[in-house]
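This report gives a short account of one molecular structure for a reader who is new to the subject. Please look at the sequence and the model before reading on.

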Amino acid sequence: MAGPAGAKGVTLFNVAAPDDALRQQSCRNNVIHVAPSRAMLADALAQYLVWKKWSRWVLAYGSHPEDGLLADAYRRSAKRFGARIVKEVEFKDTGGARQTDSGVVQTQAQMPVFTQGLPDYDVLVTADENEVFAGYLPFRTWDARPVAGSAGLRPVSWSAASESWGGAQVQDRFIRMAHRRMTPLDMQAWTACRMIGEAASRSGSTDPGKIMQNMKSPDFGVAAYKGQKLTLRDWDLQLRQPILLDDGRTVVSVSPQPGFLHQVTELDTLGFDRPETRCKL
Amino acid sequence: MMPIRTAAFAMALVPLLAAKPAAAYMAYVTNERDNTMSVIDLDQMKTVQTIPVGQRPRGITTTKDGSQILICASDDDTIQVVDPKTLHVTGALPSGPDPETFALHVSGNPLYVSNEDDNLVTIIDVTTRKAIAQIPTGVEPEGMAVSPDGKTIVNTSETTNMAHFFDFASQKMVASVLVGARPRIAEFRHDGSEVWVSSELGGTVSVIDPVKHTVTHSIGFDVQGLRAEGIQPVGIRFTQDDATAFVALGPANRVAVIDTKTYEVKKYLLVGQRVWQMAFTPDGKYLLTTNGLSNDVSVIDVASLTVVKSIPVGRLPWGIVVAPQ
């Protein structure tokens with residue numbers, strides 16, 4: 001889609017796709033990535049787990065192609081931040097109804113067995129983008145271990161529990177308008193609109209060319225209730241952003257974590273940094 | 001033994017009380033997290049009392065005659081009136097929802113309140129305690145300021161990133177000036193020639209000509225060893241002669257001292273963590289800062305530009321006012 005659009009001078013805002021390939025070998029000059037990539041999300045979680053000294057991971061991944069890509073992101077993060085994956089297990093999606101009358105009984109029997117006989121580990125990291133199994137793992141693992149990734153402690157661009165940095169105000173406005181709580185996808189779409197508005201007001205123009213020129217300039221930044229302004233990486237047009245670690249009820253932490261240093265901005269400790277990029281714009 | 005000790009204690013106490021000047025400066029601090037207000041005696045340089053107030057207290061000021069303390073109790077959707085003599089909450093002003101901060105007109109009335117959740121400025125008559133008007137403004141209104149001549153009201157909006165200028169008489173918006181991201185505070189020089197607006201995420205202070213409504217200077221900050229995103233300007237105060245401006249830099253834990261002629265930063269003063277709002281003592285000798293994360297108030301000696309004391313208060317101190325004499 002980006003190719004034909006680019007030929008017509010159209011810029012696309014990717015508010016949903018987490019694929020790293022879209023920011024790497026398949027990157028485009030006319031695609032702005034507002035959604036965080038899998039690598040950014042995995043790095044955000046990895047930093048916290050390492051800070052917590054939960055550095056021995058079991059990686060449980062699903063059988064869908066996206067789960068494989070997310071598992072790759074966790075493997076990369078483990079290597080980057082000094083965690084060790086002591087065992088990998090795959091959960092095969094064999095189809096069937098998710099919830100039946102006796103489903104709870106089955107799940108309670110199935111999940112402990114799925115996590116039985118693992119080597120010593122600190123935390124179960126799950127890669128399950130289609131919500132097939134990870135949601136059933138907390139409190140059902142064979143050993144008493146925390147669950148993170150696609151369930152338990154989840155790295156997200158937004159949480160309805162985030163109240164810091166003026167978050168309470170945007171949450172209130174959203175609920176008043178939509179009669180439900182604000183999801184990560186909502187926030188990503190809002191941020192994209194906010195970026196366009198910001199670039200339009202800064203450039204003083206409604207001309208798409210001038211708006212995009214402003215957005216891609218080094219001075220561009222947008223406020224999005226994350227405690228610091230969000231800026232664009234010039235090497236792959238990915239929005240730099242803090243990632244929230246959410247347990248479904250509270251924001252447990254916000255990455256990047258203290259101590260993970262960077263020569264330009266700590267936000268570039270999340271995802272593919274300039275020297276690693278394979279994107280040629 | 002006992003009577004003698006009591007007598008000795010009483011004797012020691014009497015000269016102390018007598019020596020206390022009739023006019024001890026008192027500072028009042030809102031503790032956002034504790035739902036309390038700390039009372040600081042500036043002769044003793046310590047917190048002498050802590051009183052319960054409404055939920056999430058933030059903006060704080062006194063009426064012109066000093067007879068009432070006004071507190072934005074944001075989560076109670078009200079402004080509380082506290083009697084500084086008895087330290088009792090004696091009443092409330094109809095602030096509209098989620099009042100964050102406010103500014104009193106130079107004449108002492110009315111009060112301009114920013115309603116953060118509803119994109120409104122509420123105007124309140126503090127004598128009759130009635131809301132006179134609500135005027136729409138930018139998204140997430142924050143800082144409020146009144147020009148020294150009383151003719152212009154300024155409101156900053158955190159999400160629209162503008163300083164909005166209102167005409168006092170007509171209550172109409174006359175201009176909006178684009179500033180850096182997330183503008184927090186607007187503050188007029190005492191001579192009224194400029195209004196300064198701090199941008200928390202933009203990391204700058206915009207100097208605005210209040211007649212032409214243009215940004216004439218943008219002041220940036222550079223603290224060695226700190227990243228640009230860790231420098232977030234919030235509170236602004238001018239010395240009485242307007243020669244020097246002080247800007248609180250939030251999580252940079254510093255107050256910048258700025259020469260208002262050259263717009264250069266002369267010095268950075270290390271204070272407590274997440275320095276937020278500031279207030280001068282009436283004699284201009286000290287500048288007090290609230291430090292949200294270290295739960296204290298730093299005392300800056302204005303003449304020597306040194307931090308001389310830190311005074312523990314409640315949790316998450318936000319606003320501060322020193323009672324007029």
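Is α2(A) mostly covered or mostly uncovered, and how many of its residues are buried? The model is predicted, and in it α2(A) is mostly covered, with 13 of its 14 residues counted as buried.

This helix covers residues 38–51 of chain A. A rise of 1.5 Å a residue leads one to expect a span of 20 Å for these 14 residues, and because the end C-alpha atoms lie 20 Å apart, the expectation and the model agree. After α2(A) comes A:Lys53, which has a positive phi, near 65°.

Chain A as a whole contains 7 helices and 9 strands. Its overall dimensions are listed below.

| Property of chain A | Value |
|---|---|
| Radius of gyration, from the model | 20 Å |
| Radius of gyration, for a compact globule of 281 residues | near 19 Å |
| Box filled by the C-alpha atoms, along the principal axes | roughly 60 × 45 × 40 Å |

The radius of gyration of chain A therefore agrees with the value for a compact globule. Of its 281 residues, 43% count as buried. When contacts between residues at least 6 apart in sequence are considered, 63% of those in chain A join residues at least 24 apart.

Chain A also touches chain B. To this contact chain A gives 9 residues and chain B gives 10 residues. On the side of chain B, 7 residues are charged and 3 are nonpolar, while no polar residue takes part.

How values were computed
Residues numbered from 1 in each chain as written. Chains lettered and ligands numbered in written order. Predicted model: local features only at pLDDT ≥ 70, side-chain atom pairs only at ≥ 80, totals over all residues. Helix = DSSP H or I, 4+ residues; strand = E, 2+ residues; numbered from the N terminus. Rg over C-alpha atoms; globule rule 2.2 N^0.38 Å. Buried ≥ 20, exposed ≤ 12 C-beta atoms within 10 Å, placed from the backbone. Contact = placed C-beta atoms within 7 Å. Nonpolar A, V, L, I, M, F, W, Y, C, P; charged D, E, K, R; others polar. Expected span 1.5 Å × (residues − 1).
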